[in-house]
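Subject: A structure for you to look at

Dear colleague,

I am passing on the structure below, together with some notes on what was found in it. Please keep the sequence open beside the picture while you read, and look up each residue as it comes.

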Amino acid sequence: MAKVAAKTVKNVQIKCMVPAAKATPSPPIGPALGQRGVKAIDFCKQFNERTKDYEIDTPIPTIITIKPDRTFSFVTKLPPTTWFLKRAARVEKGASKPGTEIVGKISLKHVYEIALIKQQQENMRDLGLKGICKSIIATAKSVGIQVIP
């Protein structure tokens, strides 16, 4: 008597950075979803609806979970810390030589405000504001933004 192995099909996760309210079925979203049998336009409509209250072009980290029956769900997260820092310092890009080059300056008040926003994030809920602020200051240094008192 031969045994037949049960075929297990798992959910597939796709992680991508999508601009708020501007998702389109063009690369990289369209091909990533299309090769897994999901209509990219359906994702784009739902994503744009969910992120319509964000400022346009805000980068939103998104995790798309595709189930074996070709249905999907997705989770949006807060924008990256570097985006908040560059926004507060009013600069377009970070330093090409971090540590030696300073492209902008922010105050501790900015760091505190960013920390309050980031504290709402799932992976930072258990951390104190002091720890989050230290992390933000370290990130600012790596981007070339100076934190002044």
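Alanine 21 counts as partly exposed, because its relative accessibility is 26% and the partly exposed class lies between under 20% for buried and over 50% for exposed. Please bear in mind from the start that this is a predicted model, and read every value below in that light. Alanine 21 belongs to the loop between β1 and α1, and although it is not a glycine, it has a positive phi of about 60°. The loop between β1 and α1 also holds proline 28, and the peptide bond that joins proline 27 to proline 28 is cis, with an omega of about 5°.

A second loop, the one between β2 and β3, can be read in a similar way. Arginine 70 has its place there, and this residue, too, has a positive phi without being a glycine, in this case of about 70°. Arginine 70 is exposed, since its relative accessible area is 55%. Aspartate 69 is likewise in the loop between β2 and β3, and with a relative accessible area of 55% it is exposed. Although aspartate 69 and valine 38 are 31 residues apart along the chain, their C-alpha atoms are separated by 9.6 Å.

From the loops we can turn to the interior. The largest nonpolar core has 18 residues, and those that touch the most other members are Leu33, Phe43, Phe47, Ile64, Ile66 and Phe72. At least two residues of this core come from each of β1 (12-19), α1 (29-34), α2 (40-50), β2 (59-66) and β3 (72-76), and α2 gives the most, with four residues. Apart from this core lies another one, of 15 residues, which includes Phe84, Val91, Ile132 and Cys133.

Which residues does phenylalanine 47 touch, if we leave out those up to four places away in sequence? They are Val18, Pro19, Ala20, Ala21, Ala23, Ile60, Thr62, Phe74 and Thr76, so that alanine 21, with which these notes began, is one of its contacts. Phe47 also takes part in an aromatic cluster, which it forms with Phe43, Phe72 and Phe74. Over the ring of phenylalanine 74 sits the charged end of arginine 50, at 4.0 Å from the ring centre.

A search of the whole structure finds five aromatic pairs, and one of them is formed by tryptophan 83 and phenylalanine 84, whose rings are edge-to-face, 5.3 Å apart from centre to centre and with 70° between the planes. Phenylalanine 84 counts as buried, because its relative accessibility is 13%.

Next come two helices that are worth following side by side. Helix α5 (residues 129-143) has 15 residues and reaches 21 Å from its first C-alpha to its last, close to the 21 Å expected at 1.5 Å a residue. Its buried residues are Ile132, Cys133, Ile136, Thr139, Ala140 and Val143. These residues are on the same side of α5, because they cover an arc of only 125° around the axis. They pack against α3 (81-89), α4 (108-118) and β5, while the face of α5 turned away from its buried side carries the exposed residues Lys130, Lys134 and Lys141. Just after α5 comes glycine 144, which takes a positive phi of about 95°.

In α4, the buried residues are Val111, Ile114, Ala115 and Lys118. Seen down the axis of α4, they fall within an arc of 105°, and they therefore line one face of the helix. The buried residues of α4 pack against α3, β4 (104-107), α5 and β5.

Finally, please find isoleucine 148, which is in strand β5 (residues 145-148). Is isoleucine 148 buried, exposed or partly exposed? It counts as partly exposed, because its relative accessibility is 34%. Leaving out residues up to four places away in sequence, isoleucine 148 touches Lys105, Ile106, Ser107 and Leu108. Between isoleucine 148 and phenylalanine 47 there are 37 Å in space from C-alpha to C-alpha, and the two are 101 residues apart in sequence.

With best wishes

How values were computed:
Residues numbered from 1 in each chain as written. Predicted model: local features only at pLDDT ≥ 70, side-chain atom pairs only at ≥ 80, totals over all residues. Heavy atoms only, no water. Core = buried A, V, L, I, M, F, W, Y, C linked by side-chain atoms within 4.5 Å. Buried < 20%, exposed > 50% of the residue type's maximum accessible area, 1.4 Å probe, protein only. Contact = heavy atoms within 4.5 Å. Expected span 1.5 Å × (residues − 1). Arc of directions from axis to C-beta. Phe/Tyr/Trp six-rings, centres within 6.5 Å; stacked < 30°, edge-to-face > 60°. Lys NZ or Arg CZ within 6 Å of the ring centre and 35° of its normal.
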